[in-house]
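Biologist: Please pick one part of this model and take a close look at how it packs against its surroundings. I'm happy with plenty of numbers, as long as you tell me which cut-offs sit behind them.

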Amino acid sequence: MTATQITLVKSSWKMVAADADAAGALFYNRLFDIAPELKPMFKADITEQSKKLMYMIGYVINKLDKLDDVIGEVAAMAKRHAGYGVRDEHYTIVGSALLWTLEKGLAEHWTEEVKTAWITCYTLLSSSMIQAAKAA
Ligand code: HEM
């Protein structure tokens with residue numbers, strides 16, 4: 001990611017995370033709308049799950065300029081995900097629900113540049129999770 005993309009992802013996430021509960025709810029509603037078959041994988045309370053997801057995205061984004069610091073945590077998270085039954089193809093579905101959520105949450109701030117920055121960011125994160133799950 002370029003420095004500009006990192007800045008764009010950080011600043012746009014700040015806007016969305018200002019109402020993290022709403023963004024989380026929007027995300028899971030969208031996810032279960034486009035992929036209802038994923039719903040049974042989520043056993044825990046979805047409000048709690050939503051908080052964990054939002055926290056983790058924020059945490060990783062904060063470290064986008066020094067990803068080496070979090071690569072171990074991302075790998076461990078990927079391995080736990082394999083244990084939840086998460087497969088490679090699920091990352092694409094989750095990515096599209098995430099982009100949709102960002103688009104809704106950011107409204108006029110969702111520009112082509114912001115979109116490209118987020119696609120790059122999610123691709124980076126999801127491909128490192130997929131790789132780590134494979135290596136396990
Ligand atoms: C960038 C990608 C993702 C991030 C940052 C993320 C983040 C998280 C976090 C922080 C948790 C809490 C438990 C833990 O840390 O192990 C979690 C749980 C979970 N995630 Fe993800 N996740 C991602 C992708 C996915 C994908 C692609 C799926 C596929 C459906 C998925 C399904 C789940 C499930 C089923 C749980 C367990 C829920 C439960 O115990 O009820 N996640 N995720």
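**Helix H5 and its surroundings**

Modeller: Let's start with helix H2 (residues 20–34) and H5, which pack at an angle of about 135° with their axes 9 Å apart. Helices here are DSSP runs of H or I with at least four residues, strands are E runs of at least two, and both are numbered from the N terminus. The axes are lines fitted to C-alpha atoms, for helices over the stretch in contact, and the angles run from 0 to 180 degrees between N-to-C directions.

Before going on, the ground rules: residue numbers count from 1 along each chain as its sequence is written. This is a predicted model, so local features need pLDDT of at least 70 and side-chain atom pairs count only at pLDDT 80 or more, while totals for chains, interfaces and linings use all residues.

Back to the pair: H2 and H5 are therefore oblique to each other (under 35 degrees is roughly parallel, over 145 roughly antiparallel, 65 to 115 roughly perpendicular, and the rest oblique). H2 passes H5 in a right-handed crossing, meaning that the near helix is turned clockwise from the far one by less than a right angle; anticlockwise would be left-handed. On the H2 side, the contact uses Ala23, Leu26, Phe27, Arg30, Leu31 and Ile34. H5 answers with Ile93, Val94, Ser96, Ala97, Leu98, Trp100, Thr101, Lys104 and Gly105. Contact here means C-beta atoms, placed from the backbone, within 7 Å. Sorted by class, that gives 10 nonpolar, three polar and two charged residues (Ala, Val, Leu, Ile, Met, Phe, Trp, Tyr, Cys and Pro are nonpolar, Asp, Glu, Lys and Arg charged, and the others, Gly among them, polar).

H5 has another partner in helix H1 (residues 3–17): the two pack at about 75°, with axes 10 Å apart. That makes H1 roughly perpendicular to H5. Ser12, Met15 and Val16 of H1 meet Leu102, Gly105 and Leu106 of H5, a contact with four nonpolar, two polar and no charged residues. Gly105 of H5 also appears in the H2 contact.

Then there's the ligand. It has 21 residues around it, and Ala44, Met56, Arg80, His90 and Val94 come nearest; a residue is near if its C-beta atom, placed from the backbone, lies within 6 Å. The elements giving two or more residues to this shell are helix H3 (46–62), H4, H5 (88–106) and H6. H3 gives the most, with five residues. The class split of the shell is 14 nonpolar, four polar and three charged. Val94 of H5 is also part of the H2 contact.

Zooming out, the chain has six helices and zero strands, running α-α-α-α-α-α from the N terminus. Its radius of gyration is 14 Å, close to the 14 Å that the globule rule gives for 136 residues, so it is as compact as a globular protein of that length. That radius is taken over C-alpha atoms, and the rule is 2.2 Å times the number of residues to the power 0.38. Along the principal axes, the C-alpha atoms fill a box of roughly 35 × 30 × 25 Å.

Conventions
Contact = placed C-beta atoms within 7 Å.
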